[in-house]
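Got the viewer open? Take the stops in order and keep the selection tool handy.

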Amino acid sequence: MADTSDTRTPAQIEADIRRRRETLAETLDEIGVRVHPKTIVGDAKAKVASDIDRTLGRAYVQVNRVVSEVRAQFVDEDGAPRMERVLPVALVAVGVVGLFALSGSRRRKR
């Protein structure tokens with residue numbers, strides 16, 4: 001803080017004023033940059049991108065967790081498939097595909 005006593009010389013007062021003007025000029029330049037429309041738009045875009053990245057990261061973690069849980073249902077600790085669980089699911093999948101194939105061929109015959 002500047003010395004405010006009467007013992008300062010005119011040169012000291014001028015130096016204090018010069019330093020204060022430089023500080024104020026820097027502050028005004030910074031304010032000008034912050035309130036510039038391009039800066040505001042850029043900050044808004046960066047925030048949206050950050051929010052999207054965060055959301056996608058959470059989604060990735062959640063999907064990874066679900067895949068791991070499903071995989072654990074069909075694979076044992078050694079990495080071998082659990083046939084007692086794989087076989088019924090495979091039969092249901094073949095049945096569903098067969099039904100779609102039959103319904104598709106019936107539509108073409110009409």
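How far apart in helix 2 are Asp 51 and Lys 47, counted in residues and in helical turns? Select the two and check: they are four residues apart in helix 2 (residues 37–74), so about one helical turn separates them. Show their side chains and you'll find a salt bridge, with the closest N and O atoms 3.2 Å apart. Colour by accessibility if you like. Lys 47 counts as exposed because its relative accessibility is 53%, while Asp 51, at 28%, counts as partly exposed. Do keep in mind along the way that this is a predicted model.

**Zoom out**

Now hide the side chains and look at the whole chain. You should see three helices and zero strands, running α-α-α from the N terminus on. The radius of gyration is 35 Å, well over the 13 Å that the globule rule gives for 110 residues, so the chain is more spread out than a compact globule. Turn the C-alpha trace along its principal axes and it spans about 105 × 50 × 15 Å.

Switch on the surface next. About 10,100 Å² is accessible, and 62% of that belongs to carbon and sulfur atoms. How much of the chain is buried? Of the 110 residues, 4% count as buried.

**The network around Asp 16**

Select Arg 8, Asp 16 and Arg 19, which are linked in a network of salt bridges. Zoom in on the Arg 8 to Asp 16 contact, where the two side chains meet at 2.5 Å, N to O. Is Asp 16 buried or exposed? With a relative accessible area of 18%, Asp 16 falls under the 20% cut-off, so it is buried. Its partner Arg 8 counts as partly exposed, at 22% relative accessibility.

**Along helix 1**

Move on to Arg 18, which is found in helix 1. Arg 18 counts as partly exposed, with 48% relative accessibility. For a sense of scale, draw a distance from Arg 18 to Arg 85: the two are 67 residues apart in sequence and 82 Å apart in space, C-alpha to C-alpha.

Then pick Ile 31, which also lies in helix 1 (residues 10–34). At 43% relative accessibility, Ile 31 counts as partly exposed. Which residues join Ile 31 in a nonpolar surface patch? Add Leu 28, Val 35 and Ile 40 to your selection: together with Ile 31 they make a patch of about 390 Å².

**Charges, and a last pair**

Colour the charged side chains next. There are 20 positive and 16 negative ones, and the centres of the two sets lie 18 Å apart. Side chains of opposite charge can pair when their charged atoms come close. How many salt bridges does a search of the whole structure find? The search finds six, among them the Asp 51 to Lys 47 pair from the opening stop.

For the final selection, take Glu 77 and Arg 82. Their side chains meet in a salt bridge of 3.8 Å, N to O. Glu 77 is exposed, with a relative accessible area of 73%.

Methods:
Residues numbered from 1 in each chain as written. Predicted model: local features only at pLDDT ≥ 70, side-chain atom pairs only at ≥ 80, totals over all residues. Heavy atoms only, no water. Patch = residues over 30% accessible without salt bridge, like charges linked within 9 Å, V, L, I, M, F, W, Y side chains within 5 Å. Areas by Shrake-Rupley, 256 points an atom, 1.4 Å probe, with all protein chains shown as cover. Salt bridge = Lys/Arg side-chain N within 4 Å of Asp/Glu carboxyl O. Buried < 20%, exposed > 50% of the residue type's maximum accessible area, 1.4 Å probe, protein only. Rg over C-alpha atoms; globule rule 2.2 N^0.38 Å. Lys, Arg positive; Asp, Glu negative; His and termini not counted. Charge placed at Lys NZ, Arg CZ, Asp CG, Glu CD.
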